Amino acid sequence: MVEHTYRVMVRGRFTDLDDAGRARLLAEVERHGVLTNGFSEQGALSYDRSLDFFSFRVQLRAEVEPTDRAVCDRALTLASRALDQLGVDFRDMRASATDMDLIKVRRPR
């Protein structure tokens with residue numbers, strides 16, 4: 001079966017942050033800026049000082065399937081692990097995948 005490259009965006013919300021959790025996130029906020037973190041194979045967590053919403057961007061290789069569900073599930077697992085490592089709770093996570101091998105690039109003439 002053929003493998004394609006998928007870029008998956010996971011979005012969610014922080015929930016029930018205690019003072020220690022807030023302090024951990026704020027101490028790392030500069031490393032997790034939306035403009036500094038792009039798609040990577042390890043995944044990149046992004047959030048801002050409001051500590052409300054977050055995003056997790058990851059690039060995955062997977063076999064082509066009729067649905068992107070398996071790729072999204074893998075990305076959700078990676079995002080959950082990243083947030084667990086920070087010791088914070090989250091909710092409302094959802095993922096959307098883009099198959100990069102199917103994108104057509106229009107080149108200027």
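**Close-up 1. R69 and D73 form a salt bridge in this predicted model.** The closest N and O atoms of the R69 and D73 pair sit 3.2 Å apart. Both residues belong to helix α2, and with their positions four residues apart in the count they are about one turn of the helix apart. R69 has a relative accessibility of 43%, so R69 counts as partly exposed. D73 comes in at 37%, and D73 is partly exposed too.

**Close-up 2. D52 and R13 make a salt bridge between distant parts of the chain.** Here the closest N and O atoms are 2.8 Å apart. D52 sits in the loop between β2 and β3, while R13 is in strand β1, and the two are 39 residues apart. How exposed is D52? With a relative accessible area of 25%, D52 is partly exposed. R13, at 24% relative accessibility, is partly exposed as well.

**Close-up 3. R91 and D92 are another salt-bridged pair.** Their closest N and O atoms lie 2.8 Å apart. R91 is partly exposed at 36% relative accessibility, and D92 is partly exposed at 43%. For the full tally, the structure holds six salt bridges.

**Close-up 4. Four strands make an open sheet.** Reading across, the order is β2-β3-β1-β4, and the pairing is antiparallel. Which strands stand at the edges? That would be β2 and β4 (89-99); each has a single partner strand, so one side of each has no neighbour in the sheet. From one strand to the next, the twist averages 20 degrees. Helix α2 packs on this sheet and touches β1, β2, β3 and β4. The direction of α2 makes about 135 degrees with that of β3.

**Close-up 5. β1 and β4 run side by side as an antiparallel pair.** How many bridges join β1 and β4? The answer is nine. One spot to zoom in on is T15, whose bridge partner in β4 is D89.

**Close-up 6. β2 and β3 form a hairpin.** The two strands pair in the antiparallel sense over four bridges. Pick out L45 and you'll find its bridge partner in β3, F56. Five residues lie between the strands of the hairpin, and L51 takes a positive phi near 55 degrees. Now look at which way the β2 side chains go: A44 and S46 point one way, L45 and Y47 the other. Are these four residues of β2 buried or exposed? All of them are buried.

**Close-up 7. The largest nonpolar core has 25 residues.** Which members touch the most other members? They are V8, F14, L25 and Y47. The elements that each supply at least two residues of this core are β1 (3-15), β2 (44-47), β3 (53-63) and α2 (69-86). Among these, α2 gives the most, with eight residues.

**Close-up 8. L25 is one of the residues with the most partners in that core.** What does L25 contact once its neighbours within four places in sequence are set aside? The list runs F14, L17, Y47, L51, L86 and V88. Two of these names, F14 and Y47, also appear with L25 among the core members that touch the most others. L51 is a familiar face as well: L51 is the residue with positive phi in the hairpin of β2 and β3.

Technical notes. Residues numbered from 1 in each chain as written. Predicted model: local features only at pLDDT ≥ 70, side-chain atom pairs only at ≥ 80, totals over all residues. Heavy atoms only, no water. Core = buried A, V, L, I, M, F, W, Y, C linked by side-chain atoms within 4.5 Å. Buried < 20%, exposed > 50% of the residue type's maximum accessible area, 1.4 Å probe, protein only. Contact = heavy atoms within 4.5 Å. Pairing = 2+ DSSP bridges. Axes fitted to C-alpha atoms, helices over the stretch in contact; angles between N-to-C directions. Salt bridge = Lys/Arg side-chain N within 4 Å of Asp/Glu carboxyl O.
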